[in-house]
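The following paragraphs lead through one chain and its metal site. Please keep the sequence and the coordinates at hand while reading.

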Amino acid sequence: MTFTRVTLKVCEGCGGLWFRAQELNEVYCATCSTRLRAFPAPRSRRLAGRPRKNRRITTQHAAAGREL
Ligand SMILES: [Zn+2]
């Protein structure tokens, strides 16, 4: 007869309680782990912030300088 040791864990994804086999190092419940697997790795995510527009600030400054 074999026993599987399980620990009661709080999911770091949804905060729900779930049973984890002690030898595993999962921090998410089955629902969250499958859901998170669908997402790309955090490193491949696009950088936060607005996309930059190429404004012609340099040419505007040059024109203003000539007028003064
Ligand atoms: Zn969860």
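This is a predicted model, with a mean pLDDT of 77 over the chain. Of its residues, 66% reach a pLDDT of 70 or more. Among the elements, strand E1 has the highest mean pLDDT, 90, and helix H2 (residues 57-67) the lowest, 63. Where pLDDT is low, the predicted coordinates should not be read in detail.

The metal site comes next. Four cysteine sulfurs coordinate the zinc ion: the SG atoms of Cys11, Cys14, Cys29 and Cys32, at 2.3 to 2.4 Å. The angles among these 4 donor atoms run from 103 to 113°, and the site is tetrahedral. For comparison, the ideal angle for four tetrahedral donors is 109.5 degrees. Along the sequence, the donor residues follow the spacing C-x2-C-x14-C-x2-C. Cysteine 14 sits in the loop between E1 and strand E2 (17-21), while cysteine 29 sits in the loop between E2 and H1, so this pair ties together parts that are 15 residues apart in sequence. Cysteine 29 has a relative accessible area of 9% and is therefore buried, since the cut-off for buried is under 20%.

Serine 33 belongs to helix H1, which spans residues 30-37. Its relative accessibility is 12%, so serine 33 counts as buried. A polar atom of the serine 33 side chain lies 3.0 Å from the backbone oxygen of alanine 30. Once residues up to four places away in sequence are set aside, serine 33 touches Glu26 and Tyr28.

The remaining residues to consider are at the N-terminal side of the zinc site and in E1. Arginine 5 lies in the segment before strand E1 (6-10), and threonine 7 lies within strand E1. How does accessibility class arginine 5, as buried or exposed? At 59% relative accessibility, arginine 5 counts as exposed, because the threshold for that class is over 50%. Threonine 7, with a relative accessible area of 22%, is partly exposed.

Both residues have contacts with parts of the chain beyond four places in sequence. For arginine 5 these are Arg20, Ala21 and Gln22; its C-alpha atom is 8.3 Å from that of arginine 20, 15 residues away along the chain. For threonine 7 the contacts are Trp18, Phe19, Arg20 and Gln22. Threonine 7 and glutamine 22 are likewise 15 residues apart in sequence, with a C-alpha to C-alpha distance of 6.1 Å.

Definitions and conventions
Residues are numbered from 1 along each chain as its sequence is written. This is a predicted model: local features need pLDDT of at least 70, side-chain atom pairs count only at pLDDT 80 or more; totals for chains, interfaces and linings use all residues. Side-chain values use heavy atoms; hydrogens and water are left out. Helices (H or I, at least four residues) and strands (E, at least two) are DSSP runs, numbered from the N terminus. Buried means under 20% relative accessible area, exposed over 50%, partly exposed in between (1.4 Å probe, protein chains only). Contact means heavy atoms within 4.5 Å. A polar contact is a pair of N or O atoms within 3.5 Å; within protein, one must be able to donate a hydrogen and the other to accept it, and residues adjacent in sequence count only if both atoms are side-chain atoms. Donors are N, O and S atoms within 2.8 Å of the metal (3.2 Å for Na, K and Ca); water is not among the atoms, so sites may look incomplete. Four donors count as tetrahedral if all angles lie between 85 and 135 degrees; four count as square planar and six as octahedral if opposite donors are over 155 degrees apart and all others between 65 and 115; anything else is irregular. pLDDT is the predictor's confidence in each residue, from 0 to 100.
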